[in-house]
Amino acid sequence: MLGGFKNFLMRGDVIVIAVGLVTALAFSTLIKAFTDSVINPIIARAQGGKSVGLGWQLGAPGNTTTYLNIGSFISALIYFLIFMAVIYFLIVVPYKYTQARRGVAVIGEPGPVKTCPECLAEEVPEEARKCRYCGSDQPRRS
């Protein structure tokens with residue numbers, strides 16, 4: 001039982017995923033610091049005056065719990081976009097390249113699909129003999 005668990009952990013894919021996760025967490029901290037220290041002040045300054053951030057005070061002045069902070073949302077959106085771009089270009093693209101050199105297709109483009117004439121499902125693979133949704137026989141294409 002422990003031997004099977006050891007074999008599972010020592011597979012190359014599990015190691016790659018673990019390294020990717022640790023790298024993603026490190027980038028997450030770096031990008032969070034960037035958005036908190038650089039992006040947030042720029043967005044808050046766009047409001048002007050002595051405002052807490054880019055947004056509106058809905059309750060008593062100075063009450064941060066009733067402040068609708070649009071700038072914080074914009075900052076989180078920028079954080080997400082930067083984070084996902086970093087993950088894609090520094091982890092996914094090199095991983096795809098490395099696996100392609102080994103002859104393994106990963107994270108590939110989906111194959112051609114057709115529409116099932118019975119249930120009108122649009123996600124039936126082109127080479128399918130039966131529809132995965134309704135089970136009807138699929139016409140052959142020549």
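This passage walks through helix α3, the nonpolar cores and the loop residue P112 in a predicted model.

A good place to start is helix α3, which covers residues 70-101 and has 32 residues. From its first C-alpha to its last, α3 reaches 45 Å, close to the 46 Å expected at 1.5 Å a residue. Even so, the helix has a bend of about 35°, located at Y88. Beyond the end of α3 comes G103, a residue with a positive phi, near 90°.

The buried residues of α3 are G71, S75, Y79, F83, V86, I87, V92 and Q99. Much of this list follows a recognisable rhythm along the sequence. An α-helix has 3.6 residues a turn, so residues three or four places apart point the same way.

Several of these side chains reappear in the largest nonpolar core, a set of 6 residues made up of A24, I31, Y79, F83, V86 and I87. Two elements, α2 (residues 12-47) and α3, each give two or more residues to this core. The largest share, 4 residues, comes from α3. A grouping of this kind fits a familiar pattern: in soluble globular proteins, nonpolar side chains tend to be buried together.

Individual contacts add detail to the picture. With neighbours within four places in sequence set aside, A24 is in contact with F83, I87 and I91. Another residue to look at is S28, found in helix α2. Its relative accessibility is 18%, and S28 therefore counts as buried, the limit being under 20%. On the same basis of leaving out neighbours within four places, S28 is in contact with Y79 and F83. F83 is thus a partner of both A24 and S28.

The model also holds a second, separate core of 5 residues, with C116, A121, C131 and A128 among them.

Attention now turns to the loop that joins α3 to β3 (113-114), where P112 lies. Is P112 buried or exposed? The relative accessible area of P112 is 58%, so this proline is exposed, the cut-off being over 50%. Exposure does not leave P112 without partners: V124, P125 and E126 are touched by P112 when residues up to four places away in sequence are not counted. Here the chain brings together positions that are separated in sequence, as the C-alpha atoms of P112 and E127 show: they are 15 residues apart along the chain and separated by 8.5 Å.

Note on methods:
Residues are numbered from 1 along each chain as its sequence is written. This is a predicted model: local features need pLDDT of at least 70, side-chain atom pairs count only at pLDDT 80 or more; totals for chains, interfaces and linings use all residues. Side-chain values use heavy atoms; hydrogens and water are left out. The expected span of a helix is 1.5 Å times one less than its number of residues. The bend at a residue is the angle between axes fitted to the seven residues ending there and the seven starting there. Buried means under 20% relative accessible area, exposed over 50%, partly exposed in between (1.4 Å probe, protein chains only). Contact means heavy atoms within 4.5 Å. A nonpolar core is a set of buried Ala, Val, Leu, Ile, Met, Phe, Trp, Tyr and Cys residues joined through side-chain atoms within 4.5 Å.
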